[in-house]
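Reader: I have not seen this structure before. Please take me through it in questions and answers.

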Amino acid sequence: MVERPRGTRDFYPNEMRLRSWLFDKFHAASKAHGFEEYDSPILEYEELYTRKQGEEITQQLFNFEDKGGRKVSLRPEMTPSLARMVMAQAKTLPLPLKWYSIPQCWRYERTQRGRGREHYQWNVDIWGTESISADAELISIMVHFFKSVGLNSEDLVIKISSRKVLEEVLGALGIDGNGFTQTCIIVDKMDKLPAEVIENQLTEIGLDSSSITTIQTILGIKELDKLEESLGEQSSAVLELRELFSMLESYNIREWIEFDASIVRGLAYYTGSVFEAHDRKGELRAICGGGRYDRLLSSLGGNDLPASGFGFGDMVIMELLTDRGLLPDITSGSQDVVISLGEELRPEAMSVASKLREKGRSVDVVLDDKKLKWAFRHADRIGASRLVMIMPEEWKDGKIKIKDLETGQDDEILVSSL
Ligand code: HAM
């Protein structure tokens, strides 16, 4: 038997119902904040992803040559496609854009709990404003979603920092540009790799031991007041973070957020605020993450446009919701099961089913010759609310029998009254 590729998933109807439920929550949180949905092809030219700074993501491409010899790749993330779309119509699109999407993304990763080789990633982005209020709005969308699935601020925390923290510290040490980006990518792995490995990698890109110690000290800071003591009250990182935190107080979501300087994110393009949601118990990988990326377009050959956004995978959140017992019990959604007792009444059953469907009911018609007992069990399994029976005696009088499965009440009604 041919198996499915490692790290990919099938969605049998049981799982698909839950996936649709989750996506409905993504749609609802996005729409509640005035965002519009977009999409793009899953296949892109590989060069959209080839960035030079040694990010993990660019080494995990599902890439190949197509029949015309062109180098293409399945998308590992949505942001470059979104950037391509924005760039193509930058002159005409009304700004700011508030767009969202739920693409399937492909990364050749080591599979583990909460990480696969494909995942669906809810992406929410705002383009065309430098205002910190965009970053605040994005965090509000995350919280809106978390509340809508029954999670609270005791379950999770959104950790926030800014790339400007490291930019200022490294700038004072004479490290900027590529050195800065590479440092961010390396220190992002601090909680996954041993300290010596991180130190060696930082040494390899040219940092001396005193610079490494300075970086480690700064990244250990968990309070804005302490950060201010280190960077000074005029530091633009501190000022922006204070502004963001005060806005989030206005949204009344202060208990969901924490400053944590160790959040830097592993993608090269972030330039300002960065944030990630984590379960407070620390058992799972990051639930979602994002930040401000004001200079992505110039790296793709266009004119820069400020942007901020986040990506939110479907895997870790499902793990968390399962652990907390928060997944709903969803049945197939058919309201009526229609059964004819006897083959000869099958056409009548079809006609009754059609009438019910015209009235807007969802109807599951029994296709084979089955016993009533089977129909009851089936109706119970799919969560139907009524069993509609076409029986020889009643049919002669132009009637059908309907059992309300919630109350147990039986009714006989005229077919003509349907
Ligand atoms: P990212 O941190 O690479 O960011 O991924 C965002 C989220 O996607 C992760 O927090 C996780 O929920 C999910 N995710 C990523 N890789 C996997 C995987 N292999 N298996 C399961 N889930 C995964 C980005 O991709 C950015 N483009 C997000 C963004 C949008 N930034 C601005 N706008």
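The turns below go from the whole chain to single residues.

Reader: What kind of model is this, and how many helices and strands does the chain have?
Author: This is a predicted model. Its chain has 418 residues, of which 49% are buried. As for the elements, there are 15 helices and 17 strands.

Reader: What radius of gyration does the chain have, against that of a compact globule?
Author: For a compact globule of 418 residues, a value near 22 Å would be expected. The C-alpha trace spans about 95 × 55 × 45 Å along its principal axes. The radius of gyration of the chain is 27 Å.

Reader: Into which domains is the chain divided, and what distance separates their centres?
Author: Domain 1 covers 13–323 and domain 2 covers 336–417. Taken over C-alpha atoms, the centres of domain 1 and domain 2 are separated by 52 Å.

Reader: What share of the contacts with a separation of 6 or more joins residues 24 or more positions apart?
Author: Contact here means heavy atoms within 4.5 Å. Among the contacts in the chain with a separation of 6 or more, the share from residues 24 or more positions apart is 67%.

Reader: How much of the accessible surface belongs to carbon and sulfur atoms?
Author: The accessible surface of the chain comes to about 20,600 Å². The part that belongs to carbon and sulfur atoms is 48%.

Reader: Is strand β11 enclosed or open to the outside?
Author: A residue counts as buried under 20% relative accessible area. In β11 (residues 288–292), 5 of the 5 residues are buried. Strand β11 is therefore largely enclosed by the rest of the structure.

Reader: Which strands pair with β11?
Author: Strand β10 (residues 273–279) runs antiparallel to β11 and is joined to it by 4 bridges; Val274 has Gly291 in β11 as its bridge partner. With strand β12 (residues 307–313), β11 pairs in the antiparallel sense over 5 bridges, and Gly289 stands opposite Gly311 in β12. The partners are β10 and β12.

Reader: Which elements do the buried residues of helix α12 pack against?
Author: Helix α12 (residues 314–323) is mostly covered, with 7 of its 10 residues buried. The buried residues include Asp314, Met315 and Leu321. They pack against α1 (13–32), β7 (118–127), α4 (132–148), β8 (156–162), β10 and β12.

Reader: What phi does Gly325 take?
Author: Gly325 comes just after α12. Its phi is positive, at about 65°.

Reader: In what order do the strands of the open sheet of 3 strands lie?
Author: The pairing in this sheet is antiparallel. Strands β2 (43–45) and β3 (63–65) each pair on one side only, which makes them the edge strands. Between β2 and β4 (residues 71–74) there are 3 bridges, and Glu44 stands opposite Ser73 in β4. The order is β2-β4-β3.

Reader: What is the order of the open sheet of 5 strands?
Author: Pairing in this sheet is mixed. Its edge strands are β14 (363–365) and β17 (410–414), and the twist averages 25° from one strand to the next. One parallel pair is β13 (residues 336–340) with β15 (residues 386–390), over 5 bridges. The order is β14-β13-β15-β16-β17.

Reader: Which strands do helices α13 and α14 lie across?
Author: Helix α13 (residues 346–358) runs at about 170° to β14. Helix α14 (residues 372–382) runs at about 165° to β13. For α13 the strands are β13, β14, β15 and β16 (399–404), and for α14 they are β13, β14, β15 and β16.

Reader: Where is there a cis peptide bond?
Author: Most residues other than glycine have a negative phi, and most peptide bonds are trans. In the loop between α3 (79–88) and β5 (97–101) lies Pro96. With omega at about -5°, the cis bond joins Leu95 and Pro96.

Reader: Is Asn252 buried or exposed?
Author: Asn252 lies in the loop between α10 (236–250) and β9 (257–259), and its phi is positive, near 65°. Over 50% relative accessible area counts as exposed. At 58% relative accessibility, Asn252 is therefore exposed.

Reader: Is Arg265 buried or exposed?
Author: Arg265 is found in the loop between β9 and β10, and has a positive phi of about 75° although it is not a glycine. Its relative accessibility is 13%, so Arg265 counts as buried.

Methods: Residues numbered from 1 in each chain as written. Predicted model: local features only at pLDDT ≥ 70, side-chain atom pairs only at ≥ 80, totals over all residues. Heavy atoms only, no water. Buried < 20%, exposed > 50% of the residue type's maximum accessible area, 1.4 Å probe, protein only. Helix = DSSP H or I, 4+ residues; strand = E, 2+ residues; numbered from the N terminus. Pairing = 2+ DSSP bridges. Domains from an automatic or database assignment. Rg over C-alpha atoms; globule rule 2.2 N^0.38 Å. Areas by Shrake-Rupley, 256 points an atom, 1.4 Å probe, with all protein chains shown as cover. Axes fitted to C-alpha atoms, helices over the stretch in contact; angles between N-to-C directions.
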